[in-house]
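Reader: I would like a close look at one helix and how it sits among the others. Please keep it brisk, and take me through the surroundings afterwards.

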Amino acid sequence: MIGTITGIFNRNFVLLSAYGMLALALSLMLVTNLPLYLEEAGWDSRAIGTILGSYFLTSLIVRPFVGREADRRGRKVIMLAGGVLLFLPLPLYLVPDSSAIILVARILQGIGWAMATTAAAALASEVVPQDRVGMGLGIFGVLNSLGFTFGPALGSYLLNAFGGEGLLLGAAGLAGGVVVCSLLLSPPTQRAPAAIRWADAARFVRPLARPLAATLFICFGYGACQTFLPLYARASDVTNPGVFFTVFSILSFGSRPVMGRISDVWGRVWTAWLLIVIIASTFGLLAYSASFPFLVTAGVMYGVGHGAIFTVLMALLADMTKREDRGLTYGLFGSAIDLGITSGTFVLGLTTGVIGYTGDFALAAILALVAIPLLYRTRPASGSQSVTP
């Protein structure tokens, strides 16, 4: 087992993991602390939400396009460009009185975030041993997620101790680290141009449509957990709803490499089905009750299910796609995740007044189960391992 793990940690994999960790830490540092910075500058909540939301909307829209460019120009070039676009707009935040300038900064960084994460995911699927793609992507996901553990807290400390200038200086340090990691990479040689033509996009997307649709349905309930679960738990007399997210985070770290490795041996679709059932059962449990014992149990289940499902789906898509096309594939995958979370939050927000929190989570459970038949008989690309159950 140790040999299996150590074989994954080549030079490129370590640099990729550091790149992803720093990029995520930077993104979350700004997402969680820019609202406070702008509020101090006199912005109202509506303006903050509208302008800062452009970051995620931009990323959702451009992911397929930057993914294709990663196939055509090479992963390293797009990763470097993404790092530069995360870095260069930072001085614009020093002009908080201009909403137009802040909007430009968020759009540019949204493009950079899409470039960085899409190209890095594609390269990660290539530099790990191909008979351990699931396990390798699981470890990659865990190491990336370390940015979640320190990015927001570091940003809060810098903002409180040194003001907006300190926050932006810390962000510049993280962005600089992202750029350095991309410069040090030496990815495998890639044929150029390798990207498919846009005229052939329909042919390319057709076999991926069902797993991408499954991804959207799986993500639909995630917005409910993030947005409405704290309110639902408080209404159930739980004084600290954050316990769900603590348990979820702990379990998600361990589940990714374990379930990724199981998918290498057991098969992607069988493993994905198991995780979807766990996710749907989590929502079903929350629909029944959000009292403390159920909340903790749901956190355990969701940590295992949701924590690992993206790793397994990424490995499944790697099996279904030729290496030279994985940039576009993961661009579409990232857009499906973003669209699922965004649409789920919006729709469930509208239905809460009609069916309540209980109904919202029951609906999320049903939609998660829709993903099961969508994954049936997905077929690998020529030369890939079988993914059909």
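Author: What follows starts with helix α13 and then moves to other helices and residues. The model is a predicted one.

Take the length of α13 to begin with. The helix runs over residues 292–320, which is 29 residues. At 1.5 Å a residue, it should span 42 Å. Its end C-alpha atoms are 41 Å apart, so the expected and modelled spans agree.

Now its course. Helix α13 bends at Ile 309, by about 30 degrees.

Next, its cover. Of the 29 residues in α13, 21 are buried, so the helix is mostly covered. Buried here means under 20% relative accessible area.

One contact brings in Asp 319. Its side chain and that of Arg 268 are joined by a polar contact of 2.7 Å. Arg 268 belongs to helix α12, which covers residues 268–288. Is Arg 268 buried or exposed? The relative accessible area of Arg 268 is 0%, so this arginine is buried.

That leads to the other helices. Helix α3 spans residues 45–73, and helix α5 spans residues 99–127. The two pack with their axes 7 Å apart. The angle between them is about 40 degrees. That angle makes α3 oblique to α5. Oblique applies here because angles under 35 degrees would count as roughly parallel. The crossing of α3 past α5 is right-handed.

A side-chain contact can be added to this picture. Thr 118 sits in α5. Its relative accessible area is 2%, so Thr 118 is buried. The side chain of Thr 118 makes a polar contact of 3.2 Å with the side chain of Arg 63.

Helix α3 also holds Leu 60. At 18% relative accessibility, Leu 60 counts as buried, because the cut-off is under 20%. Which residue far along the chain is paired with Leu 60 by a C-alpha distance of 10.0 Å? It is Phe 333, which is 273 residues away in sequence.

Now to another helix pair. Helix α6 takes in residues 133–184, and helix α11 takes in residues 242–266. Their axes come within 7 Å. They cross at roughly 165 degrees. That makes α6 roughly antiparallel to α11, because angles over 145 degrees count that way. The handedness of α6 passing α11 is right-handed.

Helix α6 contains Gly 136. With a relative accessible area of 0%, Gly 136 is buried. Along the chain, Gly 136 and Gly 7 are 129 residues apart. Their C-alpha atoms are separated by 9.5 Å.

Another sequence-distant pair involves Val 84. This valine lies in helix α4, residues 75–87. At 31% relative accessible area, Val 84 is partly exposed. Val 84 and Ala 175 are 91 residues apart in sequence. In space their C-alpha atoms are 7.7 Å apart.

Arg 203 tells another story. It lies in helix α7, residues 201–205. Its relative accessible area is 48%, so Arg 203 is partly exposed. Exposed would need over 50%. How far apart in space are Arg 203 and Ala 172? Their C-alpha atoms are 41 Å apart, with the two positions 31 residues apart in sequence numbering.

Back to the helix you asked about. Helix α13 has the span expected of its 29 residues to within the agreement stated above. It bends at Ile 309. It is mostly covered. The contact between Asp 319 and the buried Arg 268 comes in at 2.7 Å.

Note on methods: Residues numbered from 1 in each chain as written. Predicted model: local features only at pLDDT ≥ 70, side-chain atom pairs only at ≥ 80, totals over all residues. Heavy atoms only, no water. Helix = DSSP H or I, 4+ residues; strand = E, 2+ residues; numbered from the N terminus. Expected span 1.5 Å × (residues − 1). Bend = angle between axes of the 7 residues up to and from the residue. Buried < 20%, exposed > 50% of the residue type's maximum accessible area, 1.4 Å probe, protein only. Polar contact = N/O pair within 3.5 Å; in protein donor to acceptor, adjacent residues only side chain to side chain. Axes fitted to C-alpha atoms, helices over the stretch in contact; angles between N-to-C directions. Parallel < 35°, antiparallel > 145°, perpendicular 65-115°, else oblique. Left-handed = near helix turned anticlockwise from the far one by under 90°.
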